[in-house]
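Reader: Hi, can you walk me through this one? I'd like to start with the charged side chains.

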Amino acid sequence: MRRTDILPAECYLVKVSGRLCPVRVDFIHPVTKKYICTNLATGRRILCTAQRIGAPLSKEEAVKLAEKLKTARQRNKAAK
């Protein structure tokens with residue numbers, strides 16, 4: 001996405017470690033111009049560039065997707 005299209009406090013799909021994850025953009029770093037985001041599936045903070053940020057999501061879609069990813073991760077841990 002273009003830098004002007006990304007708004008703080010909105011949810012987006014971002015490619016994190018080869019997977020698409022829902023994130024909420026918290027703020028823009030003033031020096032590096034990177035986005036400080038919270039991964040909604042894990043709760044971790046990540047740095048994103050505008051090129052890694054994909055389609056915008058509604059809050060409801062982001063929460064549903066995060067729940068699905070959490071349950072899938074728990075199933076994978078239980079299987080190991």
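Author: Let's begin with a term. A salt bridge is a side-chain nitrogen of Lys or Arg within 4 Å of a carboxyl oxygen of Asp or Glu. One such pair here is R24 with D26, where the closest N and O atoms are 3.3 Å apart. Keep in mind that this is a predicted model.

Reader: Is R24 buried or exposed, or something in between?

Author: R24 counts as partly exposed, because its relative accessibility is 30%. The cut-offs are under 20% for buried and over 50% for exposed.

Reader: How many salt bridges does the count come to?

Author: The count comes to four salt bridges. D5 forms one of them with R2. The closest N and O atoms of that pair are 3.5 Å apart.

Reader: And how exposed are D5 and R2?

Author: D5 is partly exposed, with a relative accessible area of 35%. R2 is exposed, and its value is 59%.

Reader: What does E67 pair with?

Author: E67 forms a salt bridge with K70. The closest N and O atoms are 4.0 Å apart in that pair.

Reader: How are those two placed along the helix?

Author: Both sit in helix α1, which covers residues 59-79. E67 and K70 are three residues apart there, so about one helical turn separates them. E67 is partly exposed at 42% relative accessible area. K70 is also partly exposed, at 33% relative accessibility.

Reader: Which residues do shared salt-bridge partners join into a network?

Author: R24, D26 and R45 form one network, joined by salt bridges that share partners.

Reader: Let's zoom out. How many helices and strands does the chain have?

Author: The chain has one helix and five strands. From the N terminus on, the order is β-β-β-β-β-α. The strands precede the helix in that order.

Reader: What about overall dimensions?

Author: The C-alpha trace spans about 45 × 25 × 15 Å along its principal axes. The radius of gyration is 13 Å. A compact globule of 80 residues would have a value near 12 Å, so the two agree.

Reader: What share of the residues is buried?

Author: Buried residues make up 29% of the 80 residues. The chain exposes about 5600 Å². Carbon and sulfur atoms supply 56% of that area.

Reader: How many positive and negative side chains are there?

Author: There are 18 positive and 6 negative side chains. The centres of the two sets lie 11 Å apart.

Reader: Now contacts. How much comes from residues that are 24 or more positions apart?

Author: Such pairs account for 40% of the contacts with a separation of 6 or more.

Reader: Can you give me an example of a residue with distant partners?

Author: Take L40. L40 lies in the loop between β3 and β4, and β4 covers 45-48. Leaving aside neighbours within four places in sequence, L40 is in contact with C11, P22, V23, R24, A62, A66 and K70. R24 is a familiar name there, as one partner of the D26 salt bridge.

Reader: K70 is on that list too. How far apart are the C-alpha atoms of L40 and K70?

Author: The C-alpha atoms of L40 and K70 are separated by 9.3 Å. Along the chain, L40 and K70 are 30 residues apart.

Reader: And E67 to V23, what is the C-alpha separation there?

Author: It is 13 Å for E67 and V23, which are 44 residues apart along the chain.

Reader: What about E61? Where is E61 found?

Author: E61 is found in helix α1. E61 is partly exposed, with a relative accessible area of 44%. The C-alpha atoms of E61 and P8 are separated by 17 Å, and these residues are 53 apart along the chain.

Reader: New topic: backbone angles. What is the phi of S17?

Author: S17 has a positive phi of about 55°, although S17 is not a glycine. S17 lies in the loop between β1 (11-16) and β2 (19-28). S17 is exposed, at 74% relative accessible area.

Reader: And what is the phi of K33?

Author: K33 has a positive phi of about 60°, and K33 is not a glycine. K33 is in the loop between β2 and β3, with β3 covering 35-39.

Reader: How exposed is K33?

Author: K33 is partly exposed, with a relative accessible area of 41%.

Technical notes:
Residues numbered from 1 in each chain as written. Predicted model: local features only at pLDDT ≥ 70, side-chain atom pairs only at ≥ 80, totals over all residues. Heavy atoms only, no water. Helix = DSSP H or I, 4+ residues; strand = E, 2+ residues; numbered from the N terminus. Rg over C-alpha atoms; globule rule 2.2 N^0.38 Å. Buried < 20%, exposed > 50% of the residue type's maximum accessible area, 1.4 Å probe, protein only. Contact = heavy atoms within 4.5 Å. Areas by Shrake-Rupley, 256 points an atom, 1.4 Å probe, with all protein chains shown as cover. Lys, Arg positive; Asp, Glu negative; His and termini not counted. Charge placed at Lys NZ, Arg CZ, Asp CG, Glu CD.
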